Amino acid sequence: MKKIILFLLFLSFFAHGTQAQCTYNNSAFKSGEYLLYNLHFNWKLVWVKVGTATMSTVQTVYNGKQAYRCSLTTQSNGRMDKIFVMRDTLLAYATTSLTPLYFRKGAKEGKRYTVDEVWYTYPGGKSHIKTRRLNNDGTNTYHTETGNECFTDMLNLFLRARNINFSSWGKDKSMLLKSADGKGIKKATLTCKGRETVKSDDGKVWKTVVLDFSLFDAKKNRFKKIATLFVSDDANHLPVRIDFNMNFGSAKAFLINSKGLRNPATALVK
């Protein structure tokens, strides 16, 4: 499932000016966390289970430095494959202070296969990215960009968002972001839509904070909602449910299992 979840971070051992803006104190997750989801797709007004998704985070070494490695894999089942084959794999590295280092997304959707990569460096106190898009026809598209603000990608953004203190976020409070993929940088927003109690596929009920993630559509000159995240209203900020707006329909991901949580699941109602 391609449009998943998202959030900001950056490199701690390069320039201190950028580091001060882009690092985050991680209190939401630890090495060894594992999350499992059921995927549902809206087909002809009927919601059907079409696959699973897994997300795991471990502490490792990247270019000789301690780092977190976060991976997200989605896979459609036989029922969905008859309609639309979907195999997405996302990988991100960030420092232990949540500064983005690298991002990769390999996406097989239907007969189309693309790869996005983003490399982060921080020369002279600035944020610099180099991106690559492997297009479906086998050609590559490259982009570089440097700025004073923090850049991120959808998976590193997810790590940062889990460490935001939402206790002071009221309805419609929004955060402006710069999100990278293989084609370059897009403006993005994360907006609080309030609180809601939701039920996961394993029958558990959670108190959640509801967040809309949107990307700027330059052709239409407006922000387009990509996903709505329902994150547990506790210190873990687990994505209990994710609703996706997709080019070929709509989909939902429901949490069915979680292991290796850092904090007590106090948002769990029953």
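The following exchange goes through a predicted model, from its overall make-up to individual residues and salt bridges.

Colleague: How many helices and strands does the secondary structure of the protein come to?
Modeller: The model is a predicted one, and local features in it are taken only where pLDDT is at least 70. On that footing, the secondary structure comes to three helices and 16 strands.

Colleague: What percentage of the residues of the protein count as buried?
Modeller: A residue is called buried when its relative accessible area is under 20%. The surface that the protein exposes is about 12,000 Å², with carbon and sulfur atoms supplying 50% of that area. Of the 270 residues, the share that counts as buried is 52%.

Colleague: Of the contacts with a separation of 6 or more, what share comes from residues 24 or more positions apart?
Modeller: One pair that is far apart in sequence is Gly32 and Val58, which are 26 residues apart and have C-alpha atoms 5.1 Å from each other. Across the protein, residues 24 or more positions apart account for a share of those contacts that comes to 53%.

Colleague: Is Gly32 buried or partly exposed?
Modeller: Gly32 is placed in the loop between helix H1 (16-22) and strand E2 (33-43). Leaving aside neighbours within four places in sequence, Gly32 is in contact with Thr57, Val58, Lys259 and Gly260. Because its relative accessible area is 41%, Gly32 is classed as partly exposed.

Colleague: With which side chain does the side chain of Thr191 make a polar contact?
Modeller: Thr191 belongs to strand E12, residues 184-199, and at a relative accessible area of 14% it is buried. Not counting residues up to four places away in sequence, Thr191 touches Asp172, Lys173, Ser174, Val210, Leu211 and Asp212. The polar contact of the Thr191 side chain, at 3.0 Å, is with the side chain of Ser174.

Colleague: How many salt bridges does the count come to?
Modeller: Side chains of opposite charge can pair when their charged atoms come close. For this count, a side-chain nitrogen of Lys or Arg has to lie within 4 Å of a carboxyl oxygen of Asp or Glu. By this rule, the number of salt bridges is nine.

Colleague: How far apart are the closest N and O atoms of Glu117 and Arg132?
Modeller: Glu117 is buried, with a relative accessibility of 11%, and Arg132 is buried as well, at 18%. The two residues form a salt bridge in which the closest N and O atoms are apart by 2.9 Å. The pair links distant parts of the chain, since Glu117 is in strand E7 (residues 112-121) and Arg132 in strand E8 (residues 127-134), and their separation in sequence is 15 residues.

Colleague: Why does the pair of Glu149 and Lys178 tie together separate parts of the sequence, and how many residues apart are they?
Modeller: Glu149, which counts as partly exposed at 32% relative accessibility, forms a salt bridge with Lys178, with the closest N and O atoms 2.7 Å apart. Because Glu149 lies in the loop between strand E9 (140-147) and strand E10 (152-153), while Lys178 lies in strand E11 (residues 174-181), the pair ties together parts whose distance in sequence is 29 residues.

Colleague: Which residue meets Lys252 in a salt bridge?
Modeller: Lys252 is buried at a relative accessible area of 18%, and Asp243 counts as buried at 14%. The N to O distance in the salt bridge is 3.1 Å, and the partner of Lys252 is Asp243.

Note on methods
Residues are numbered from 1 along each chain as its sequence is written. This is a predicted model: local features need pLDDT of at least 70, side-chain atom pairs count only at pLDDT 80 or more; totals for chains, interfaces and linings use all residues. Side-chain values use heavy atoms; hydrogens and water are left out. Helices (H or I, at least four residues) and strands (E, at least two) are DSSP runs, numbered from the N terminus. Buried means under 20% relative accessible area, exposed over 50%, partly exposed in between (1.4 Å probe, protein chains only). A polar contact is a pair of N or O atoms within 3.5 Å; within protein, one must be able to donate a hydrogen and the other to accept it, and residues adjacent in sequence count only if both atoms are side-chain atoms. Contact means heavy atoms within 4.5 Å. Accessible areas come from the Shrake-Rupley method with a 1.4 Å probe; for residues, only the protein chains shown count as cover.
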